[in-house]
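Student: I've got a structure open and I'd like to talk through a few spots in it. Could you take my questions one at a time?

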Amino acid sequence: MALPLSLIPNPSFEDRTCCPQDRSQLYCAKDWIQASEPTTDYLHTCGWMGWPDLPPPLPFPDGEGCVGFRNGRVGNGGNGPAGPSDDNPNWKEYAGACLLSPLKAGTAYRFEFWIGFTKAFNSPATDIVFYGSTDCINLPFGIGDEYFGCPTNGPGWIELGSVPIYGALEWKLKEINVTPIQDIYAIAIGPSCSQEQLISSTYYFFDNLVLAD
């Protein structure tokens, strides 16, 4: 049985224009858009493989690339501009894409993806949310504002669905079932809008994001 063709382009982050050499280089992954001001990280075996203290579970579920993201940022002990600790619970990192063809209103779709966890202390239980927009012009969002938070904190975005996640040093397959009430042309994937109480740096991974009817 053939696998469904994903409406999300480059679903496993395998097509690339460059090898990532450091953090914040999602632009190396073809067709993906850095959706939020806080930046996701592109990991690939050809180059950068993530933060030394936040190791990804290996092997990746599909191919040689994946994306890492944070849900909140722990302060740096007083060197930041926002206060004594510079904690930012709205430091939420999202990857986005324009769909190959839109989700049609009233049609049922399944969004299936792999979510990865680093050490348990750094990958606490949370919710992953699938957001949608009626126009690709809404990517990226919150431009210039690291405290913007989730897409629905501004205009043009709706929550399409969510799923709870938890794990440690492993990958888990998750799904979100969606029936949009309007045509959706762009998507973003990442943390929920909830502001977590942070005691450590949080980090998770995505791979093989398949969206099909």
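Tutor: Sure, here come some questions and answers about this predicted model.

Student: Let's start with C98. Is C98 buried, partly exposed or exposed?

Tutor: C98 belongs to strand β6, which covers residues 95–103. Its relative accessibility is 26%. Buried would need under 20% and exposed over 50%, so with 26% C98 comes out as partly exposed.

Student: Which residues does C98 touch, leaving out those up to four places away in sequence?

Tutor: For a contact we want heavy atoms within 4.5 Å. With residues up to four places away in sequence set aside, the list for C98 is P9, I33, C136, L139, Y185 and A186.

Student: And how far apart are the C-alpha atoms of C98 and S192?

Tutor: Along the chain, C98 and S192 are 94 residues apart. In space, the separation of their C-alpha atoms is 20 Å.

Student: Now strand β8. How many of its residues are buried?

Tutor: β8 runs over residues 126–133, which makes eight residues. The cut-off for buried is under 20% relative accessible area. The strand is mostly covered, and the number of buried residues is seven.

Student: Which residue in β9 stands opposite T126?

Tutor: β8 pairs with strand β9, residues 157–165, in the antiparallel sense, with eight bridges. Within β9, the residue facing T126 is I165.

Student: What is the bridge partner of S133 in β11?

Tutor: β8 also pairs with strand β11, residues 184–191, and this pairing is antiparallel too, over six bridges. A residue of β11 has already come up as a contact of C98. The β11 partner of S133 is that residue, A186.

Student: Turning to empty space, what is the volume of the largest cavity?

Tutor: Counting cavities of 30 Å³ or more gives one. Its lining is made up of S36, E37, P38, K92, F141, G142, D145, F148 and G149. By class, that lining holds three nonpolar, three polar and three charged residues. The volume of the largest cavity is about 30 Å³.

Student: Last one: how many charged residues are in the lining of the second largest pocket?

Tutor: That pocket has about 230 Å³ of space. It is lined by 16 residues, and those nearest its centre are W51, R70, R73, W91 and E93. Splitting the lining by class gives four nonpolar and five polar residues, and the charged ones number seven.

How values were computed: Residues are numbered from 1 along each chain as its sequence is written. This is a predicted model: local features need pLDDT of at least 70, side-chain atom pairs count only at pLDDT 80 or more; totals for chains, interfaces and linings use all residues. Side-chain values use heavy atoms; hydrogens and water are left out. Helices (H or I, at least four residues) and strands (E, at least two) are DSSP runs, numbered from the N terminus. Buried means under 20% relative accessible area, exposed over 50%, partly exposed in between (1.4 Å probe, protein chains only). Two strands pair if DSSP finds at least two bridges between them. On a 1 Å grid over the protein atoms alone, a cavity is a set of points where a 1.4 Å probe fits but cannot get out, and a pocket is an open set with protein on both sides within 12 Å along at least five of seven lines; lining residues have an atom within 4 Å of a point. Grid points are joined across faces, edges and corners, and a volume is the space filled by probe spheres set on the points. Ala, Val, Leu, Ile, Met, Phe, Trp, Tyr, Cys and Pro count as nonpolar, Asp, Glu, Lys and Arg as charged, and the others, Gly among them, as polar.
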